[in-house]
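Hello,

Here is the structure I promised to pass on. Please open it and keep it beside you while you read my notes below.

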Amino acid sequence: MGTPISLDLADDLPRAELDELADEVFRWLREVDARFSTYRADSEVCRFDRGELLLSEASADLRLVLQRCADLWGATDGFFDAYATGGLDPSGYVKGWAAQVASDRLLAAGSANHCLNAGGDVRVRGLSASGRPWRVGVRHPWDPMATCLVLTGSDLAVATSGGYERGHHVLDPRRGAPARGLRSVTVVGTDLGLADAYATAAVAMGVAGVGWLDRLAGHRHAIVTDDGRLLHSTGLPLAP
């Protein structure tokens with residue numbers, strides 16, 4: 001899906017076991033790419049969108065993602081919309097969900113200490129190789145070589161959405177035009193799929209997304225506005 005992936009396994013395990021864990025993660029992510037990429041005409045999501053595949057014929061993963069997207073549409077008052085561009089594009093949920101599933105599988109397989117970064121959506125668990133909690137940098141929206149803040153923790157899902165790479169590409173589904181007001185939104189929780197979708201929805205809301213995030217239970221956030229202000233919720237796990 002055009003997303004760079006990095007994996008840091010910090011467990012004290014034999015090299016062969018670590019290699020196998022990593023191989024399983026990337027096998028899963030390649031499977032997700034084959035099924036959900038909107039850039040591949042033969043992907044399951046594209047075939048479903050063209051009407052070549054009935055819902056009853058779809059994989060369990062596709063049915064799950066479609067249900068989650070429908071639930072998110074309701075939870076965000078329509079601002080998370082997998083059909084915002086006209087066709088079906090669940091990427092705003094799928095990337096975070098796929099990384100969350102990979103992290104869950106790593107944990108179940110014995111990797112209690114790892115960091116998975118899927119194009120800036122990050123899931124960390126346990127401790128880094130230094131024995132300290134992981135540090136997650138949030139990219140500065142105007143300077144690719146700088147961070148605007150650094151988070152730290154041992155069980156965090158950190159998702160960022162915004163216009164720092166492709167401009168204002170997130171659509172306001174009500175206007176059918178690029179959303180304005182928020183340059184970057186980072187949401188922190190424990191489920192990366194939800195954090196990814198909530199960050200996308202907040203960007204789509206524009207400045208109203210600030211108040212919406214303030215009321216979002218179980219999550220913390222950081223926002224950079226189009227005019228350069230940095231806002232964040234209390235309790236955000238900022239690194240010292």
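In helix 1, the buried residues are Leu-18, Leu-21, Ala-22, Val-25, Trp-28, Leu-29, Val-32, Asp-33 and Phe-36. Looking down the axis of helix 1, you will find these buried residues within an arc of 145 degrees, so they line one face of the helix. Why does such a pattern arise in general? An α-helix has 3.6 residues a turn, so residues three or four places apart point the same way. On the other side of helix 1, Ala-16 and Arg-30 are exposed. Keep in mind that this is a predicted model.

What do the buried residues of helix 1 pack against? Their partners are strand 1, strand 2, helix 2 (44–49), helix 3 (60–75) and helix 4 (91–108).

You can also check the length of helix 1. It has 22 residues, so at 1.5 Å a residue it should span 32 Å. Its end C-alpha atoms are 31 Å apart, which agrees.

Next, the sheet. It is open and has seven strands, in the order 1-2-3-6-9-10-11, with antiparallel pairing. Strand 1 (5–9) and strand 11 (230–232) stand at the edges. Each has a single partner strand, so one side of each is left without a neighbour in the sheet. On average, neighbouring strands are turned by 10 degrees against each other, direction ignored. Helix 1 (residues 15–36) packs on this sheet and touches strand 1 and strand 2 (114–118). The direction of helix 1 makes about 155 degrees with that of strand 1.

Look at one edge more closely. Strand 10 (residues 220–225) and strand 11 run antiparallel, joined by three bridges. Here Ala-222 stands opposite His-232 in strand 11.

Now find Asp-61, in helix 3. Is Asp-61 buried or exposed? Its relative accessibility is 19%, and the cut-off for buried is under 20%, so Asp-61 counts as buried. Leaving aside neighbours within four places in sequence, Asp-61 is in contact with Trp-28, Glu-31, Arg-35, Phe-36 and Trp-97. Trp-28 and Phe-36 are also on the list of buried residues in helix 1.

Last, the cysteines. How many disulfides are there? The count comes to zero. Cys-46 is in no disulfide, and the nearest cysteine sulfur, that of Cys-69, is 14 Å away. Cys-69 is in no disulfide either. Cys-46 is buried, with a relative accessible area of 12%. Cys-69 counts as buried too, at 6% relative accessibility.

Best wishes

Notes
Residues numbered from 1 in each chain as written. Predicted model: local features only at pLDDT ≥ 70, side-chain atom pairs only at ≥ 80, totals over all residues. Heavy atoms only, no water. Pairing = 2+ DSSP bridges. Helix = DSSP H or I, 4+ residues; strand = E, 2+ residues; numbered from the N terminus. Axes fitted to C-alpha atoms, helices over the stretch in contact; angles between N-to-C directions. Contact = heavy atoms within 4.5 Å. Expected span 1.5 Å × (residues − 1). Buried < 20%, exposed > 50% of the residue type's maximum accessible area, 1.4 Å probe, protein only. Arc of directions from axis to C-beta. Disulfide = S-S within 2.5 Å.
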